[in-house]
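This report describes the fold, packing and backbone details of one protein chain. The sequence and coordinates are shown below.

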Amino acid sequence: MPELFAYTDGACSGNPGPGGWGALLIAKEGGRVIRERELCGGEADTTNNRMELLGAINALNALERPSTITIYTDSKYVMNGITQWMHNWKKNGWRTAAKKPVKNVELWQQLDDAKTRHTVTWEWVKGHAGHPENEKADELARAGMAPFKK
């Protein structure tokens, strides 16, 4: 069974503004890359955080069968939300500790739903630090944004 990895990123020109998301999916066997798949998309008026979430959502939704996957994100927002905050948000009816509605709740719910079919390990990687796969995810996010920039 191949090992699966996804590197996800979001980009925005202005915040809000035109934005894009990207995901690089990699399957490895015996440490060798056996398959890569590139995904990207964007929106005309969005935020960086929304695009970061869509990168992860689309990476998980691209998997055709339940899988074990490691997702790398350079977004502390996504990383903290999925690994620390979401449990309490759900318990509190999708409200924060301050009793305010969770921002981007529909995307957090989509991410929660997308991950339930899979066994996901979440890893944070420093962005713009020369990590080749993260740089590729950033390039894909910028490509996804390109059609929406004026």
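Helix α2, residues 76–91, lies across strands β4 (68–73) and β5, and runs at about 140° to β5. The model is a predicted one, and the values in this report were computed from it.

## Sheet

The strands that α2 lies across belong to an open sheet of five strands, in the order β3-β2-β1-β4-β5 and with mixed pairing. Its edges are β3 (32–46) and β5 (119–124), each of which pairs on one side only. From one strand to the next the twist averages 20°. Strands of a sheet pair through backbone hydrogen bonds, in either a parallel or an antiparallel sense.

Two of the antiparallel pairings involve β2. Strand β1 (residues 3–12) pairs with β2 (residues 17–29) over ten bridges, and within this pairing Asp-9 has Gly-22 of β2 as its bridge partner. The pairing of β2 with β3 is antiparallel and covers twelve bridges; here Gly-20 is bridged to Gly-42 of β3. β2 and β3 form a hairpin with two residues between them, and Gly-30 in the turn has a positive phi of about 60°.

Gly-17 and Arg-35 sit in these two strands. Gly-17 is placed in β2 and counts as buried, with 7% relative accessibility. Not counting residues up to four places away in sequence, Gly-17 touches Cys-12, Glu-43, Ala-44, Asp-45 and Thr-46. The C-alpha atoms of Gly-17 and Glu-43 are separated by 8.6 Å, with the two residues 26 apart along the chain.

Arg-35 lies in β3 and counts as exposed at 56% relative accessibility. With neighbours within four places in sequence left aside, Arg-35 contacts Leu-25, Ile-26 and Ala-27. Pro-2 is 33 residues from Arg-35 along the chain, and their C-alpha atoms are separated by 9.5 Å.

## Helix packing and cores

Two packed helices are described by the angle between their axes and by the distance between those axes. For α2 and α3, the axes come within 11 Å and cross at roughly 90°. The two helices are therefore roughly perpendicular to each other. On the α2 side, the residues that meet α3 are Tyr-77, Val-78, Gly-81, Ile-82, Met-86, Trp-89 and Lys-90; on the α3 side they are Trp-108, Leu-111, Asp-112 and Lys-115.

Trp-108 and Leu-111 also appear in the largest nonpolar core, which has 29 residues; together with Leu-25, Leu-53, Leu-60 and Trp-122, they touch the most other members. Two or more residues each come from β2, α1 (48–61), β4, α2 and α3 (105–116). The largest share, seven residues, is given by α1. Apart from this core lies another, of six residues, among them Phe-5, Leu-24, Ile-26 and Ala-137.

What does Leu-25 contact, leaving aside its neighbours within four places in sequence? Its contacts are Phe-5, Ala-6, Arg-35, Glu-36, Arg-37, Leu-39, Ala-59, Ala-62 and Leu-63.

## Backbone exceptions

Two residues other than glycine have a positive phi and are compared in the table.

| Residue | Phi | Location | Relative accessibility |
|---|---|---|---|
| Trp-94 | about 60° | loop between α2 and α3 | 16%, buried |
| His-128 | near 55° | loop between β5 and α4 (132–145) | 60%, exposed |

A further backbone feature is the peptide bond from Asn-15 to Pro-16, which is cis with omega near 15°. Pro-16 is found in the loop between β1 and β2.

## Cysteines

How many disulfides does a search of the whole structure find? The search finds zero. A disulfide requires a pair of cysteine sulfur atoms within 2.5 Å. For Cys-12, the closest cysteine sulfur is that of Cys-40, at 15 Å, so the two are too far apart for a bond. Cys-40 is partly exposed, with a relative accessible area of 40%.

Definitions and conventions: Residues are numbered from 1 along each chain as its sequence is written. This is a predicted model: local features need pLDDT of at least 70, side-chain atom pairs count only at pLDDT 80 or more; totals for chains, interfaces and linings use all residues. Side-chain values use heavy atoms; hydrogens and water are left out. Buried means under 20% relative accessible area, exposed over 50%, partly exposed in between (1.4 Å probe, protein chains only). Two strands pair if DSSP finds at least two bridges between them. Helices (H or I, at least four residues) and strands (E, at least two) are DSSP runs, numbered from the N terminus. Axes are lines fitted to C-alpha atoms, for helices over the stretch in contact, and angles run from 0 to 180 degrees between N-to-C directions. Contact means heavy atoms within 4.5 Å. A nonpolar core is a set of buried Ala, Val, Leu, Ile, Met, Phe, Trp, Tyr and Cys residues joined through side-chain atoms within 4.5 Å. Angles under 35 degrees count as roughly parallel, over 145 as roughly antiparallel, 65 to 115 as roughly perpendicular and the rest as oblique.
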